Amino acid sequence: MTGGDLVLRPPSPDFRKIRCPRCDKGVIRLADGTAAYQCSRLRQVIAGFKVGDCDFTTRDQNQIPVEPGERLVVVDFTPFAQRNAP
């Protein structure tokens, strides 16, 4: 882990990270400086190198896959599916 990396874990067993509906490899995260949700494997160019292989990005919460009985919550700028949602 480098100095700028931040490892986010689910806050409790009642929360799970949400898999990308398009590639099913990455997890959903909030894009820096915006309210858009995107795949952690988003295709982009960083310092001249191509990284990622997914193109999922949306501002529509309805496109974020949660199971019946779960709800989408954002904890410390990270989206999770909360199980056993009231």
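A search of the whole structure, which is a predicted model, finds four salt bridges, where a salt bridge is a side-chain nitrogen of Lys or Arg within 4 Å of a carboxyl oxygen of Asp or Glu. Let me take some of them in turn.

Glu70 and Arg16 meet through their side chains in a salt bridge, at 2.8 Å from N to O. Glu70 sits in the loop between β6 (57-58) and β7, while Arg16 belongs to strand β1 (residues 15-17), so this pair ties together parts of the chain that are 54 residues apart in sequence. The strands I name, like any helices, are DSSP runs numbered from the N terminus, with at least two residues of E for a strand and at least four of H or I for a helix. Both Glu70 and Arg16 are buried, and by buried I mean under 20% relative accessible area, with exposed being over 50% and partly exposed in between, using a 1.4 Å probe and protein chains only.

Glu70 also meets Arg83 in a salt bridge, at 3.9 Å from N to O. Here the link is between the segment after β8, which holds Arg83, and the loop between β6 and β7, which holds Glu70, 13 residues apart. Arg83 is partly exposed, with a relative accessible area of 33%, whereas Glu70 is buried at 14%. Through shared partners, Arg16, Glu70 and Arg83 are joined into one network of salt bridges.

Another salt bridge is formed by Arg41 and Asp53, whose closest N and O atoms are 2.9 Å apart. Arg41 lies in the loop between β3 and β4 and Asp53 in the loop between β5 (49-51) and β6, so the pair ties together parts twelve residues apart in sequence. Arg41 is partly exposed at 32% relative accessible area, and Asp53 is partly exposed at 39%.

Before moving on, a word on conventions: residues are numbered from 1 along each chain as its sequence is written. In this predicted model local features need pLDDT of at least 70, side-chain atom pairs count only at pLDDT 80 or more, totals for chains, interfaces and linings use all residues, and side-chain values use heavy atoms, with hydrogens and water left out.

Turning to the interior, which residues make up the largest nonpolar core? They are Ile18, Cys20, Ile28, Leu30, Tyr37, Cys39, Cys54, Phe56, Ile64 and Ala81, ten residues in all, a nonpolar core being a set of buried Ala, Val, Leu, Ile, Met, Phe, Trp, Tyr and Cys residues joined through side-chain atoms within 4.5 Å. Strands β2 (28-30) and β3 (37-39) each supply at least two residues of this core. If we leave aside neighbours within four places in sequence, Ile64 is in contact (heavy atoms within 4.5 Å) with Ile18, Ile28, Tyr37, Phe56, Thr58 and Leu72.

Finally, the hairpin. Strands β7 (residues 71-75) and β8 (residues 78-82) run antiparallel and are joined by five bridges, and DSSP must find at least two bridges between two strands for them to pair. Val74 has Pro79 as its bridge partner in β8. Two residues lie between the strands of this hairpin. Asp76, although not a glycine, has a positive phi of about 50°, and Phe77, in the loop between β7 and β8, has a positive phi near 65°. Asp76 counts as exposed at 62% relative accessibility, and Phe77 counts as exposed at 72%.
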